[in-house]
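Here is a briefing on one structure. Confidence comes first, then the helices and their packing.

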Amino acid sequence: MTLKALGDLWGALTLTKQVHAVWSRTLAPEHPALLGVRMNLAGLLKDHGDLGGARRIFEEVLAVRSRILPAEHPDLMIARMNLAVALRECGDLQAAREMEEEVCEVWSRWLPTEHPYLMMA
């Protein structure tokens, strides 16, 4: 993600796709590192304007994390919020709002009111 921070979105996308390809062959589908790189890939696709591709990956990661993590696990909540952002950018405002509200309700029980996640939600 350093390439993205430096403004090289194409380089970041290319490298992330390469890492994803290797890890998809070598790690279990539920492996946290693979799920993390998939989230990064979806974010980069979103940044490049491929909202449908980003949404599909965010949905897939959320499905896996929903299956393997406790209902209020932080990684699951982040996956839900990332999908909510993608839904909003795809124009599915009602679904995005519902998902954001569910995540904020969980976060408000776990995080202090001044936490950045709650401030941006």
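**Confidence**

Among the elements of this predicted model, helix 7 (residues 116–120) has the lowest mean pLDDT, 76, and helix 4 the highest, 97. The pLDDT is the predictor's confidence in each residue, from 0 to 100. The protein's mean pLDDT is 93, and 98% of its residues reach 70 or more.

**Basis**

- The model is predicted, so local features need pLDDT of at least 70 and side-chain atom pairs count only at pLDDT 80 or more, while totals for chains, interfaces and linings use all residues.
- Residues are numbered from 1 along each chain as its sequence is written, and side-chain values use heavy atoms, leaving out hydrogens and water.
- Helices are DSSP runs (H or I, at least four residues), numbered from the N terminus.

**Helix 2**

- Helix 2 (residues 9–26) has 18 residues, and its end C-alpha atoms are 26 Å apart, in agreement with the 26 Å expected at 1.5 Å a residue. The expected span is 1.5 Å times one less than the number of residues.
- Its buried residues (under 20% relative accessible area, 1.4 Å probe, protein chains only) are Gly11, Ala12, Leu13, Thr16 and His20.
- They pack against helix 1 (2–5) and helix 3 (32–47).

**Helix 3**

- Helix 3 has 16 residues and reaches 23 Å from first to last C-alpha, close to the expected 22 Å.
- Its buried residues include Leu34, Arg38 and Lys46.
- The buried residues of helix 3 pack against helix 1, helix 2, helix 4 (51–68) and helix 5 (74–89).
- Glycine 49, just after helix 3, takes a positive phi of about 90 degrees.

Conventions
Helices (H or I, at least four residues) and strands (E, at least two) are DSSP runs, numbered from the N terminus. Buried means under 20% relative accessible area, exposed over 50%, partly exposed in between (1.4 Å probe, protein chains only). Contact means heavy atoms within 4.5 Å.
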